[in-house]
Structures are given as C-alpha cells and as structure tokens.
Amino acid sequence: MLSHLSRKNRGKDGYPFSCCGFEAIYTERAMILTLEWTSDGVRFIDQTKLPLEESYVLATSYEQVADVIVTMVVRGAPAIGVSAAMGVALGAKQTPAETTEEFAPEFERICARLAGTRPTAVNLFWAIDRMKALFAKLRGAGASLAEVQKALLDEALAMYDQDIADCKAIGQHGGPLMPEEGGVLTHCNAGALATCGYGTALGVIRGAVEAGKQVHVYADETRPFLQGARLTAWELMEDGIPTTVICDNMSASLMRQGKIQAVVVGADRIAANGDAANKIGTYSVAILAKEHGIPFYVAAPWSTIDRATLTGDAIPIEERSAVEVTHHGGKQLTPHGVGICNPAFDVTPAKYITGIITERGVLRAPYEESLRVMESSLVEAAR
C-alpha cells in the first residue's frame, strides 16, 4: 500500500507582474517536486488530489511505482519515463538475488511490468530501453550485483537531472516565440507536474515570463481528467503567472475575439514526420488555431521523438477506463449502460504544427528534413 506523506512548503519571494488587466506576483521559487528518489522509495506528489490538497505518496516497490503511473498519481511523458527508470532502480535495490546472473530474469520482469503501464508515452520505453542497455553492458562486463544496483540508480538520477536541464533549454528556445504581450492557450498539463521540474509547454511560458514578456495563460480544462483546470492552473498560480481556466469548447470563441496570440502544448510521442500525439482535444485546438492564423507550437524533449514511428497513424492510443467519463467526484453523470469512448490522446497532423520546440532547438516543417539536419549537425559537432 502506498504511504501518504505531508505537504512540503516552498518559498514565495517574487515581483509584481501585470497582464491583460490581471495583477499577479511572479515568483521564482524551488521547483515543484513531481517525483524524488529517497532512501525509502520514490516520492511522488499525488496529482489526483490537486489542486485542493497537496499531498505526497511513497512508492516502496517497483510494483507500486507501476501503480502510481497507471492511476495517474504521476503523469506526463517525461515524468513517466524517469519514474519508470527509478522503478527499475528500486526493483534492483530490493532484489533477493545474490548475483547479477541470478537477478537477470527478475530485471526483465521489472522492465516488462513498468513498460506495460501506459502505451502512448514513448519516453517510458526510451527510459526502460536505456536501463536495459546499461544492464546488458554491465552484465557483459561481469559486474557484481552491487555494481549493477549502483549504476542503475545513478542512471535514473542522471535522467532526472537531464530532464530538468532539457526543460529549461526548451524554455530558452521557446520563450522568444511567445508574444510580447497577450494570451497563450495551452491544453492539458505540460508543466513541472508532467516532468521532473520546470515543464515543456509551461517551460516555454516560464521562459517567456522570465524574459519579461507579459503573457496571460488560458488553460483548457481538458476533460475528462481536468489536467488543465486542476494542474496547469494550480502550478501557474503557485508561480503567480496570470491564468484563466476555460471550458474545452471556449477556445474558438476566444480566438475569434483576438484574445489568443499563440498556442503551446506538450506531446507524449512525436512521429518521424512531425505528427504529434497529445492529450485528447489537442487536435481540435490545432485546427482552430490554423483557421484563425494563430501559431501552434509543440514543446517536448528530444526523447519524445520516435523516429521508428513514421506517421501519427502508427502511434498507439491508450483507451482509459469508462469511469473517468461516467463519474466525477464519485457521482455518476451518465445513464446506466450507455456506451463510452475514452481515448487518452489524439494525434495532431504535422501540417497544423508551426514548430516543435526541443532542448536542441526549434524544428520547422518539413519535419523529416529538419530532424535529419539537426541530428546530422549534432553528430558533426560531437566529432
């Protein structure tokens, strides 16, 4: 059973900030700790309890880490990936095996259990594959079990640190693309709560605010799990960034009124041609932005790009429990026996995406070409 932990406070020093008639204090504080390795297990902020309760759970086994991912106590592709890596490290730490060879079959079971939690987020498989490659290398070199346990934990912690650094780089690349003043629409939550800290889409917004831009965020509520209304609004208010929550069906009206100058969202998987899977409802926002001449950006780390998936048609889409649609706050909203469709994601075709913001820079269409050029330049720079 997961252990529930108490609230952890953060400092609140900041400076005045005003936009669109909305007065706020933008605060630069310690980052929200979405997840954290501890000596007792992996500690997660419980995102199912936000925004009204800030509490934490402690996963003390890799099975509990898997449950945390499935139940969306932790969510967001980058955070899921690092959570899985920490789950692997936790499983290795707790193994009853005495040698690396003895541990090998268990290691495969641990990886398989964590890989089966959420099918769409490619960062999950990227992180597990990275742990598998490290284990294979260590096993081939005859490393002791103690050496394997230490190396797996070091790798998971390195992923954690790298994710935060990547998010800040995404913010630096994306901030200049935001308007000097005006409304920015986002869908779902691609912030600190979806990563190890700072965020991807919200990292772009934070980067813009830190550069002095006067932006006002419009957060789609994002049915049925309400990640926008609950999570995006909560973390932006924690930072004092002007935010207004809107129903998912309001964005077209606001765009027509000229209140939205840019859209920025995250992604759980980006195909080789630039098609991007994100929370259900993103596709319709992209179409509306195109119709109104508003730039639509996707912000995600390079690990979200899946070159092996050629187009968005091949991205697996997770179907979640009908209860998320039929019930809210424990109360049933729909008739008994009615059919329910609850895909967690949809795919936005590349033609609707103005740019893909990564820690390595901004990709532009045609995305197959810009991906190839950026990869080639990185390989050349590394020589």
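Visitor: What radius of gyration does the protein have, next to that of a compact globule with 383 residues?

Guide: This is a predicted model, where local features need pLDDT of at least 70, side-chain atom pairs count only at pLDDT 80 or more, and totals for chains, interfaces and linings use all residues. Residues are numbered from 1 along each chain as its sequence is written, and side-chain values use heavy atoms, leaving out hydrogens and water. Taken over C-alpha atoms, the globule rule is 2.2 Å times the number of residues to the power 0.38. For 383 residues that rule puts a compact globule near 21 Å, and the protein agrees, with 21 Å.

Visitor: How much of the protein counts as buried?

Guide: Buried means under 20% relative accessible area, with a 1.4 Å probe and protein chains only. Of the 383 residues, the share that counts as buried is 57%.

Visitor: Which helix gives the largest share of the largest nonpolar core?

Guide: A nonpolar core here is a set of buried Ala, Val, Leu, Ile, Met, Phe, Trp, Tyr and Cys residues joined through side-chain atoms within 4.5 Å. The largest one has 49 residues, and F44, F103 and L152 touch the most other members. Several elements supply at least two residues each, including strand 5 (41-45) and helix 5 (145-174); helices are DSSP runs of H or I, at least four residues, strands are E runs of at least two, and both are numbered from the N terminus. The largest share, eleven residues, comes from helix 2.

Visitor: Which residues is F103 in contact with, leaving aside neighbours within four places in sequence?

Guide: Contact means heavy atoms within 4.5 Å. With those neighbours set aside, F103 is in contact with G91, A92, T95, A97, I110, F135, L145, V148 and L152.

Notes. Buried < 20%, exposed > 50% of the residue type's maximum accessible area, 1.4 Å probe, protein only.
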